[in-house]
Amino acid sequence: MTLFRAVCLPMQAAIIGTCTIMIGASGTMTANPAIGILGSKQAGGSSASATIVASSLLCSLLNLLDCYSVSAPAPATFSSAPSGGGTNVTFASVFRLDGSGVDIDGSVPQRVVNGTHPMQVDLTATKSSGIFPAGNYQGTVTVRCE
């Protein structure tokens with residue numbers, strides 16, 4: 001019979017990188033003429049902004065094998081909306097990095113190398129039936145760096 005002995009040892013960890021998200025301006029969502037879409041890309045709307053600062057030792061040393069990825073998935077609901085404003089609504093978000101005019105689906109992580117990366121985020125809410133009732137709406141997109 002063989003006996004095994006388990007020993008608990010303290011573990012140490014080293015920080016090998018950081019990813020900092022600095023929130024900039026809030027965006028503004030406006031309605032389309034049919035009042036079935038609220039979005040920051042509609043006429044009169046504006047994108048939200050953030051700045052990502054990525055720094056990973058392994059990203060530098062191992063030629064981008066362990067860099068960070070950024071995403072900005074759409075929320076499931078409004079943070080606040082008037083009565084009936086949040087029913088039958090779907091949300092979509094896109095973002096752009098480093099001044100690029102190319103929209104990236106908010107739920108698709110985009111790899112970033114070390115450095116500072118300006119980011120613009122847009123949110124669209126689409127009502128599948130009816131129109132958005134009058135009132136104040138707020139949608140919150142969470143920017144992630146993982």
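**Loop contacts, disulfide and nonpolar cores in a predicted model**

Ser80 is located in the loop that runs between S5 and S6. In this predicted model, Ser80 has a relative accessibility of 33% and is therefore classed as partly exposed. Once neighbours within four places in sequence are set aside, the contacts of Ser80 are with Asn136, Tyr137 and Gln138. Of these residues, Gln138 is 58 residues from Ser80 along the chain, yet the C-alpha atoms of Ser80 and Gln138 are separated by 5.1 Å.

The loop that holds Ser80 belongs to a protein chain with 1 helix and 10 strands, and the order of these elements from the N terminus is β-β-β-β-α-β-β-β-β-β-β. Among contacts in the protein chain with a separation of 6 or more, 70% are accounted for by residues 24 or more positions apart. The chain comprises 146 residues, of which 27% are buried, and about 9,100 Å² of the protein chain is exposed, with carbon and sulfur atoms supplying 57% of that area.

A contact between distant parts of the sequence is also found at Met22, a residue of strand S1 (residues 17-23). Met22 touches Ala50, Thr51 and Val53 when residues up to four places away in sequence are not counted, and the C-alpha atoms of Met22 and Ile52, which are 30 residues apart in sequence, lie 6.5 Å apart in space. The relative accessibility of Met22 is 41%, so this residue counts as partly exposed.

Strand S1 also contributes one half of a covalent cross-link, since Cys19 is placed in strand S1 and Cys145 in strand S10 (residues 144-145), and the pair therefore ties together parts that lie 126 residues apart in sequence. The count comes to 1 disulfide, in which Cys19 is joined to Cys145 at an S to S distance of 1.7 Å. The torsion about the S-S bond of Cys19 and Cys145 is about 90 degrees, and the disulfide is therefore right-handed. The two cysteines fall into separate accessibility classes because buried means under 20% relative accessible area: Cys145, with 17%, is buried, whereas Cys19, with a relative accessibility of 21%, counts as partly exposed.

Strand S10, which carries Cys145, takes part in an open sheet of 3 strands, whose order is S8-S5-S10 and whose pairing is antiparallel. Strand S8 (110-112) and S10 form the edges of this sheet, each of them pairing on one side only. The antiparallel pairing of S5 with S8 extends over 3 bridges, and Val70 has Gln110 in S8 as its bridge partner.

Val70 is also part of the largest nonpolar core, a set of 13 residues in which Val70, Phe95, Met119 and Val143 touch the most other members. Two or more residues are given to this core by each of strand S4 (48-56), strand S5 (68-71), strand S6 (89-97) and strand S9 (115-127). A second core, separate from this one, consists of 7 residues, including Leu38, Val89, Phe91 and Phe132. In soluble globular proteins, nonpolar side chains tend to be buried together.

Conventions. Residues are numbered from 1 along each chain as its sequence is written. This is a predicted model: local features need pLDDT of at least 70, side-chain atom pairs count only at pLDDT 80 or more; totals for chains, interfaces and linings use all residues. Side-chain values use heavy atoms; hydrogens and water are left out. A nonpolar core is a set of buried Ala, Val, Leu, Ile, Met, Phe, Trp, Tyr and Cys residues joined through side-chain atoms within 4.5 Å. Buried means under 20% relative accessible area, exposed over 50%, partly exposed in between (1.4 Å probe, protein chains only). Helices (H or I, at least four residues) and strands (E, at least two) are DSSP runs, numbered from the N terminus. Contact means heavy atoms within 4.5 Å. Accessible areas come from the Shrake-Rupley method with a 1.4 Å probe; for residues, only the protein chains shown count as cover. A disulfide is a pair of cysteine sulfur atoms within 2.5 Å. Two strands pair if DSSP finds at least two bridges between them.
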